[in-house]
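Visitor: Hi! I have the sequence and the model open on my screen. Could you walk me through some of it?

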Amino acid sequence: MLRYLARRLLLLVPVMLGAALIAFALLLLIPGDPAVALLGQEVSGPELARFRHLLGLDRPVPVQFGLYLWRLAQGDLGSSITLHAPVLGLIGSTLPATLELAIVSLLLSIGAGIPLGLLAARRRGGLLDTGTMVIAQLGVSMPVFWLGVLLILLFAVQLDWLPSFGRGPALVAAVASGDAAGILDSLRHLILPAFTLAFFNLALLTRLTRWAVLEVLEEDYVRTARAKGQAERVVMYRHALRNALLPIITIIGLQFGNALGGAVVTETIYGWPGMGRLVVQAIGQRDFPVLQGAVLVLALLFSVVNVAVDLAYGLADPRIRYE
Amino acid sequence: MTVFLRRIAALVLLAFAVTSGVPAGAGPAGGVLRIGIDVDAGTLDPRLANDTTARRVIEQVYDGLIELDAQLQPRPALAESWTQVSPTVWVFRLRRGVRFHDGTPFTAEDVVFTFQTILDPALRAPLRGLVTPISKVEAVDEATVRFTLSAPYAPLLRYLDGSQAGGIVSKRAVERLGAQFASNPVGTGAFKFVSWQRNSRITLEANTSGWRRPSLTQIIFNIIPDNSTRAAAVESGDVDLIHSPLSPQDVRRLRTVSRVSVTQMTGLGHTYLNINMSDPILRDVRVRRAIAHLIPQTTIVRQIYQEMDRPANSILLPAWTGIYTDDITQPGHDIARAKALLAEAGWTDSNRDGVLDQGGRNFSLVVRTHSEDPNRIQIVELLISILRSSGIEARAEITEFPALVQALIAGTHQIALVGWLGLVDPDRGMYNQFHSKGSQNWERYTNARVDALLDEGRQKADPAERARIYREVARIIAADLPYYILTYQGYIVVVNRRVQGFTPIPSGSFRSLWQTSTP
């Protein structure tokens, strides 16, 4: 197990190198460069050439990449071209907000999606099943930006219950210091964006859980368990759900990755100060150092989640061994 | 476990139940103004700033030597008075006893340092081009600065406004803070910098020992990128002030909300078609006129902008009082005339395939714009369908702004729908755009008469003379059509009625914030 873990973690090095290379190569393919973005319309030909030189964009591509790797090896992610600040600091100040949103929304979708899926499977064909499936259908088909605006108009404008935008104090910090007002403020700001981000995943998880559990319920061992006279509760949780968990864990792992990278729209609608917006701005302004740094951090998080998912398989299914 | 769950549930319920007693991002009650703004600032160093948010924050934290009033006339700021000693020499007498926010005194040396660093190419100041005619800046004494120009330069004063190229930085603070200065600004303005959370909010507090005494104790710039969320935030009272860009539907709704007042005015920008004069097809003025005749200007303003923008007559902006006139007009919507002009230029459908051709070549046209502006995309799509129905093989190309600007610089475009903002002076809106040596002459326009007029305009201070010069340029541009000016951009400000003393001005400047209060 430990050897397996060590090997997986070692494998992260080539993965990260690959991510760095791909991030670098992709940037060469998009038209427009940061010198233009920086100068905006106030730009002229010679001025542009001078800017490109100052930014080192006129050097050969392999030299640029080599220099980038060299600085990377020293833990230097470089400085933002347009924001005049170190990339590491920018990521450090925005990543916690994105993580907070992603984790809370994931908890929401797991906490609601799996029980709803189970219930629907248990009452297959019933009113509850139909109702759940309608909501699930809505969740996978409703555009995030539309849902977001709708929720804001309802809860912030009409009912005036929740703030329309922004982030309260960091939830972790508020909980750690036991600041009740802080926790409350944090949650009030979190509810709408977290639900908006969770809705699609929640719907997906509900449908998946229902399908996976229904598959398992057809198995012989479930019939055996029922024949033994075991309580329906035990049948559902110990026999059905546990055996249906593998595909669910896979999807949860993917969803966390999506929540990190795909929170952009939610972050934009709710003015949530996360990394998604930093990345979108960086793309718009061709801020290469920020983009490369963000891609690396996201790739790292994705890989770590992947390892965690693989380890979780073992917990769900004891037949899986790590060599 | 169940106890824990119950607690969480109780917390969530509580969160729902509590009404909005604590508005988002609010400080202490009283004179706090919460602004909702569309983008985060890139930098708070006035010499490096190139985005609208940065300029609005910078206006509060820094002062220029002069500042422009609502009529775009210069009035004293850090300079108490100024004299033009000769056509190329200006002397500014500085306000005495002014201190920077860090307590150090403001002197002539800071003015010299500010302009010397802007002029130094190594700083990479984006608006450097506005002040390059300055050949020398010297401190005559502690409170007097002399600017020597390489040639007479009439618009100089307007460009010294704090929101243009002129915010004066503290030399000592810049030297002490180095690169950190961009995120720890030190100026002389009515408000001091407190904090900046990227992509979230910028907080300023009153500078109680400055040469102006603001009423507000605090200003919070909340960054809310989504136009509809920003509208909802002012509607729900979470922020007190929002402004353009806003979507027409939201503005229509906000007009019915009793809590806020909506002010609409013509701003200092226009939206236009940049027509590449070096393109083999568009080189012919008859073709450019025909295209102008095909543009349904009023429909675009009504349907797409829902009258937030106004149909433009010419390159002259209504805000340029004394220079603007509605006598100068561009070719109007007239499809028959457009067809006649195209035929006259030799473009006919000789092979009856529905597409105009000439010498065996089809009339094909690419109209570009940038993906950040949904209204502009809609306009381009409309134009494409109109051009197609007139027998032109038209295609839209929508890219992000940097890619579009790069194509404009390289001159690889045919027609591009773009805009100009912050045109405080006719020189700012025409010189670099139409002079054959202009740095933004992306349409490759050359006209000796226009060159001579634009050079003359820079040298003439007399308002009547300037009006004559810029009107003649505008007349030539409306006939030659290197630009087709589509709309005068509207500027909309939505303010909570509890806010007092805020005067919106067409430049979009928040200059009057120091006189604003929120009782």
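Visitor: How many bridges pair S5(B) with strand S7 of chain B, and in which sense do they run?
Guide: This is a predicted model, and in it S5(B) pairs with S7(B), residues 144–149, in the antiparallel sense over 5 bridges. Within that pairing, B:Val91 stands opposite B:Arg146.

Visitor: What holds paired strands together in general, by the way?
Guide: Strands of a sheet pair through backbone hydrogen bonds, and they can be parallel or antiparallel.

Visitor: Okay, and how many bridges join S4(B) to S5(B)?
Guide: There are 6 bridges between strand S4 (residues 79–86) of chain B and S5(B), and the two run antiparallel. B:Gln84 stands opposite B:Trp90 there. S4(B) and S5(B) form a hairpin, with 2 residues between the strands.

Visitor: Which side chains of S5(B) are buried?
Guide: The side chains alternate along S5(B), residues 89–94. B:Trp90, B:Phe92 and B:Leu94 point to one face and are buried, whereas B:Val89, B:Val91 and B:Arg93 point to the other face and are not.

Visitor: In what order do the strands of that sheet come?
Guide: The order is S4-S5-S7-S6 in chain B, an open sheet of 4 strands with antiparallel pairing. S4 and S6 of chain B are the edge strands, each pairing on one side only. Direction ignored, neighbouring strands are turned by 20° against each other on average.

Visitor: Which helix packs on the sheet?
Guide: That is helix H3 (residues 108–119) of chain B, which touches S5, S6 and S7 of chain B. The direction of H3(B) makes about 165° with that of S6(B).

Visitor: And how many bridges does S6(B) make with S7(B)?
Guide: S6(B) and S7(B) pair over 6 bridges, in the antiparallel sense. One bridge pairs B:Ile134 with B:Leu149 of S7(B).

Visitor: I've clicked on B:Ala139. Where does that residue lie?
Guide: B:Ala139 is in strand S6 (residues 134–141) of chain B. Leaving aside residues up to four places away in sequence, B:Ala139 touches B:Ala108, B:Glu109, B:Val112 and B:Val145.

Visitor: Why does B:Ala139 count as partly exposed?
Guide: Because B:Ala139 has 17 C-beta neighbours inside 10 Å, and a residue needs 20 or more to be buried and 12 or fewer to be exposed.

Visitor: Let's move along chain B. What does S9(B) pair with on the S8(B) side?
Guide: S9(B), residues 201–206, pairs with strand S8 (residues 191–197) of chain B over 6 bridges in the antiparallel sense. B:Ser195 has B:Thr203 as its bridge partner. The hairpin of S8(B) and S9(B) has 3 residues between the strands, and B:Asn199 takes a positive phi near 60° in it.

Visitor: How many bridges join S9(B) to S10(B)?
Guide: 5 bridges join S9(B) to strand S10 (residues 218–223) of chain B, and these run antiparallel. B:Thr203 stands opposite B:Ile220 of S10(B).

Visitor: That positive phi caught my eye. What sign does phi usually have?
Guide: Most residues other than glycine have a negative phi, and most peptide bonds are trans.

Visitor: What is phi at B:Gln306, then?
Guide: B:Gln306 has a positive phi of about 45°, and it is not a glycine. B:Gln306 sits in the loop between helix H11 (297–304) and strand S13 (310–311) of chain B.

Visitor: And where is the cis peptide bond that involves B:Pro245?
Guide: It joins B:Ser244 and B:Pro245, with omega about 0°. B:Pro245 is in the loop between strand S11 (241–243) and helix H9 (248–254) of chain B.

Visitor: Switching to chain A: how do H6(A) and H9(A) pack?
Guide: Helix H6 (residues 127–141) and helix H9 (residues 180–217) of chain A pack at an angle of about 135°, with axes 8 Å apart. That angle makes H6(A) oblique to H9(A). Their crossing is left-handed. Residues making the contact include A:Ile135 and A:Gly139 of H6(A), and A:Phe199 and A:Leu202 of H9(A).

Visitor: What is the mean pLDDT of chain A?
Guide: The mean is 84, and 94% of the residues of chain A reach 70 or more. Among the elements of chain A, helix H2 (residues 34–39) has the lowest mean pLDDT, 67, and helix H7 (residues 144–158) the highest, 91.

Definitions and conventions. Residues numbered from 1 in each chain as written. Chains lettered and ligands numbered in written order. Predicted model: local features only at pLDDT ≥ 70, side-chain atom pairs only at ≥ 80, totals over all residues. Pairing = 2+ DSSP bridges. pLDDT = per-residue confidence, 0-100. Axes fitted to C-alpha atoms, helices over the stretch in contact; angles between N-to-C directions. Parallel < 35°, antiparallel > 145°, perpendicular 65-115°, else oblique. Left-handed = near helix turned anticlockwise from the far one by under 90°. Contact = placed C-beta atoms within 7 Å.
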